[in-house]
Structure formats: structure tokens, C-alpha cells
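Open the model in your viewer and keep the sequence panel beside it. The tour below goes from one selection to the next.

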Amino acid sequence: MRKILCILITFFTIATNAQIERDKQLHFTAGGIASGFGYNYVYNKTKDKTKATIAGIGLAILAGTIKETIDSSQPGNKFDVEDLAATTLGGITISVTINLIKNDKNNKKIRKRRLGLSLGKNRGGRKSNRNN
């Protein structure tokens, strides 16, 4: 079943990849790169995932807007909202993905407490029965 699912996902990915213009793919990638830099910079400064996510998405939107503004000043070119949307979507995708994947030490401790796992020598407010 897993193999069939992997084959179907690969097939649909290739099919949709052929339908998206190369320009939009580049905008998506640029938004993802800008978002990654923005997220990491703000997270390293504040250690706040929410601020970092907002900053990453904001930087992607800013980069897309600047690019499209420069393009619109060239003769025969216009501000393309679809390109801006592709850049923004790349930023959203990367910022949210980093936010979901990034683990803090505190998150691991909270997760272990929720699962009822031992955190080591008498941590988490639980009494040890070893010496009784």
C-alpha cells in the first residue's frame, strides 16, 4: 500500500509540476529562501516562533513586492499579482514548515510530561520509589 501511495504522489507531483510556469516556480523558491532567512534571523534574536513565522512570511511578501515593483518600472512589464502570490506562498510554506519542525528543549520536556515519560532523576514533580 505504501508503494502505491508513493507512486501516486510522485505521479501527481510530476503532473502538477509540468502545469506550473517556470517563472512561478522561481518566485515560490525565492519566497521560500527569503522566508527561511527571515525566520532564522528573528528566531535567533527573540527565540519566539510566532514572531519568527510572521517575520519570515513578511520578508517573503516584501521581497516579492520589491521585485514586482522593479519589474513594473521596466517598459512593457507590469506588476504581476500572481508572481507576488507565488512568492508569498513560498514564504508561508517554508515559515510554517520550519515552525512545525523546529524543536526546543522545552517542547521536548513538555511532550514527555504529557506522555507521562520519566524525565530523569526525580524531575517533573514525581516522587521516586527507589529509596522507600
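Is Thr29 buried, partly exposed or exposed? Select Thr29 in this predicted model. Its relative accessible area is 42%, so Thr29 is partly exposed, because that class lies between the limits of 20% for buried and 50% for exposed.

Now widen the selection to residues 22–46, which form helix H2, the helix that holds Thr29. Show side chains and add Gln25: its backbone oxygen is 2.9 Å from a polar atom of the Thr29 side chain. Next, select Thr87, which is 58 residues from Thr29 along the chain. The C-alpha atoms of Thr29 and Thr87 are 7.3 Å apart.

Move on to residues 81–101, helix H4. This helix supplies 5 residues of a nonpolar surface patch, the largest share. To see the whole patch, select Phe28, Leu89, Ile92, Val96, Leu100 and Ile101. Together they have about 560 Å² of accessible area.

Which class of exposure does Ile101 fall into? Ile101 belongs to helix H4, and its relative accessibility is 61%, so it counts as exposed.

Finally, clear the selection and view the protein chain as a cartoon. It has 5 helices and 0 strands, in the order α-α-α-α-α from the N terminus. Of its 132 residues, 22% are buried. The chain exposes about 10200 Å², with 62% of that area supplied by carbon and sulfur atoms. Of the contacts between residues at least 6 apart in sequence, 58% join residues at least 24 apart.

Notes:
Residues are numbered from 1 along each chain as its sequence is written. This is a predicted model: local features need pLDDT of at least 70, side-chain atom pairs count only at pLDDT 80 or more; totals for chains, interfaces and linings use all residues. Side-chain values use heavy atoms; hydrogens and water are left out. Helices (H or I, at least four residues) and strands (E, at least two) are DSSP runs, numbered from the N terminus. Buried means under 20% relative accessible area, exposed over 50%, partly exposed in between (1.4 Å probe, protein chains only). Contact means heavy atoms within 4.5 Å. Accessible areas come from the Shrake-Rupley method with a 1.4 Å probe; for residues, only the protein chains shown count as cover. A polar contact is a pair of N or O atoms within 3.5 Å; within protein, one must be able to donate a hydrogen and the other to accept it, and residues adjacent in sequence count only if both atoms are side-chain atoms. Patches are made of residues with over 30% relative accessible area and no salt bridge: like charges are joined within 9 Å, nonpolar side chains (Val, Leu, Ile, Met, Phe, Trp, Tyr) within 5 Å. A salt bridge is a side-chain nitrogen of Lys or Arg within 4 Å of a carboxyl oxygen of Asp or Glu.
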